[in-house]
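Good morning, and thank you for making time for this item. Please bring up the structure on the shared screen, and I shall go through a selection of its details.

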Amino acid sequence: MKKLLSFFLVFILVLTPVTAFASETEEKNSIISFDIFDCWEIKSEEIHPELRFIGNAVRTVFPEFTKFFFKLANGFLNVFGLPDLTRGVDMQEICIEREDGTSLRLCVYTPEERKENVPGLLWIHGGGYGLGTPEQDFSFIEAFVKESGCVLVAPDYLNSPDAPYPAAFDDCYNALLWLKENGKDYGMRDDKIFIGGNSAGGGLCAAVALKARDTGEVNIAFQMPLYPMLDDRMETPSSQNNDAPIWNSESNETAWEMYLGELYGSENVPKYAAPARETDYSSLPPTLTYVGTIEPFTDETLIYVENLRNAGVEVMFKTFEGCFHGFDLFSFTTPAKEARAFLMEGFLYAVENYTAPQR
């Protein structure tokens, strides 16, 4: 029963389609259409054809993430968790102690046959800072470990219904410190420490990179903040009145309010909570990211990339036309395949070319 419920929640979290043939049917004869309900700001024709059916279906039956849903889903995860669906890799659970005496669970993934002199990767899951566990990103994790032989650490950080900022950020940064100190036991080279994450995990990735640079405690060789959640102010055009599938302006506002708590709406939000508030982008690691063109985070990702490049940081960046938030999870579509190929090509390039010796 536990596994059945866990699989159901995975379906909700990543909104995995169970009718992959629908997009093909729509392209062939347009029998299935949501145009009669097309009163949205982001119109159906703006969505990539292969994503159109599932996107419209999702936003019809699940238009936004509410506080109630965040709390319900997070409570479910706290009780049941999610199964580890990775194949061909080993996973070890490590618990480290927080300052308040509670335990932070780290999922440590390695190849079945460990290698020496491999990269270490801190991978941070998404979920609007309000829900999720490391296990939901099994496809990312499996690909990184199998392709490079890396040791990958995924923290089960505190979600916002349990504790607002800085709880999640502190957990992720402490996981980075753990990787630096213990990665060598798994064959890691300490001059090849990478970080990455998607959505809110991308925002946490960017925030962790800022603190690592500011403190000098860890030299990061490469970062991958995918379609990152960076800016609580929601002042960019793409973040306003955006009703695209999966994640929209209303969901975004709710998530930021829950994550920031009493800080929400103030000018006192620190850059480690919302990395878009940083003004100095110098000395950050080489970066890879991508984003769809119709999602709330499009503009803040473009601004982030521009700021990095203006500061002399090397950036690999790509936009995907007509793609909404989390489009790369729909692995049967062309945009998802292209995004994953871009990600893995850039990641493997970093493995071969980027180092950052520790002080």
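The side chain of D171 reaches the backbone nitrogen of L158, at a distance of 3.0 Å. I should say at once that we are looking at a predicted model. D171 belongs to helix α6, and with a relative accessibility of 3% it counts as buried, the limit for that class being under 20%. If we set aside neighbours within four places in sequence, D171 has contacts with R98, L104, Y157 and L158. L158 therefore appears twice in this account, as a residue in contact with D171 and as the owner of the backbone nitrogen that the aspartate side chain reaches.

Let me stay with helix α6. Which of its residues are buried? They are A167, A168, F169, D171, C172, Y173, A175, L176, W178 and L179. The helix covers residues 167-182, which is 16 residues. At 1.5 Å a residue it should span 22 Å, and the C-alpha atoms at its ends are indeed 22 Å apart, so the expected and the computed values agree.

Just ahead of this helix there is a point of backbone geometry. The peptide bond from Y165 to P166 is cis, and its omega is near 15°. P166 is located in the loop between β4, residues 151-155, and α6.

Two serines also deserve attention for their backbone angles. S199 has a phi near 60°, a positive value in a residue other than glycine. S283 has a phi near 65°, again positive in a residue that is not glycine. Are these serines buried or exposed? S199 is buried, with a relative accessible area of 8%, whereas S283 counts as exposed at 62% relative accessibility. As to location, S199 sits in the loop between β5 (188-198) and α7 (200-215), while S283 is in the loop between α8 (249-260) and β7 (287-292).

Helix α8 brings me to a helix pair. The axes of α4, residues 67-80, and α8 come within 10 Å and cross at roughly 60°. That angle makes α4 oblique to α8. On the α4 side, the contact is made by K67, F70 and K71; on the α8 side, by T254, A255, E257 and M258. Sorted by class, this contact has three nonpolar, one polar and three charged residues.

I turn next to D243, in the loop between β6 (222-226) and α8. Its relative accessible area is 19%, and because the limit for buried is under 20%, D243 is classed as buried. A polar atom of the D243 side chain lies 2.8 Å from the backbone nitrogen of I42. Not counting residues up to four places away in sequence, D243 touches W40, E41, I42, R59 and N248. How far apart are D243 and K43 in sequence and in space? They are 200 residues apart in sequence, and their C-alpha atoms are 9.2 Å apart.

One of the residues touched by D243 is R59, and R59 is among the buried residues of helix α3. The others in that helix are E50, L51, R52, F53, I54, G55, N56, A57 and V58. With 10 of its 13 residues buried, α3, residues 49-61, is largely enclosed by the rest of the structure.

Two residues of α3, E50 and L51, are also in contact with P335, as are H48, F320, C323 and F327, again leaving aside neighbours within four places in sequence. P335 lies in helix α10, residues 334-353, and is buried, with a relative accessible area of 3%. P335 and E321 are 14 residues apart in sequence and 8.6 Å apart from C-alpha to C-alpha.

For an exposed counterpart, consider N310 in helix α9, residues 298-310. N310 has 61% relative accessibility and so counts as exposed. N310 and Y281 are 29 residues apart in sequence, with 8.3 Å between their C-alpha atoms.

I close with the protein as a whole. Its secondary structure comes to 10 helices and eight strands. Of its 359 residues, 60% count as buried. Among contacts between residues at least 6 apart in sequence, 77% join residues at least 24 apart.

How values were computed:
Residues numbered from 1 in each chain as written. Predicted model: local features only at pLDDT ≥ 70, side-chain atom pairs only at ≥ 80, totals over all residues. Heavy atoms only, no water. Expected span 1.5 Å × (residues − 1). Buried < 20%, exposed > 50% of the residue type's maximum accessible area, 1.4 Å probe, protein only. Axes fitted to C-alpha atoms, helices over the stretch in contact; angles between N-to-C directions. Parallel < 35°, antiparallel > 145°, perpendicular 65-115°, else oblique. Contact = heavy atoms within 4.5 Å. Nonpolar A, V, L, I, M, F, W, Y, C, P; charged D, E, K, R; others polar. Polar contact = N/O pair within 3.5 Å; in protein donor to acceptor, adjacent residues only side chain to side chain.
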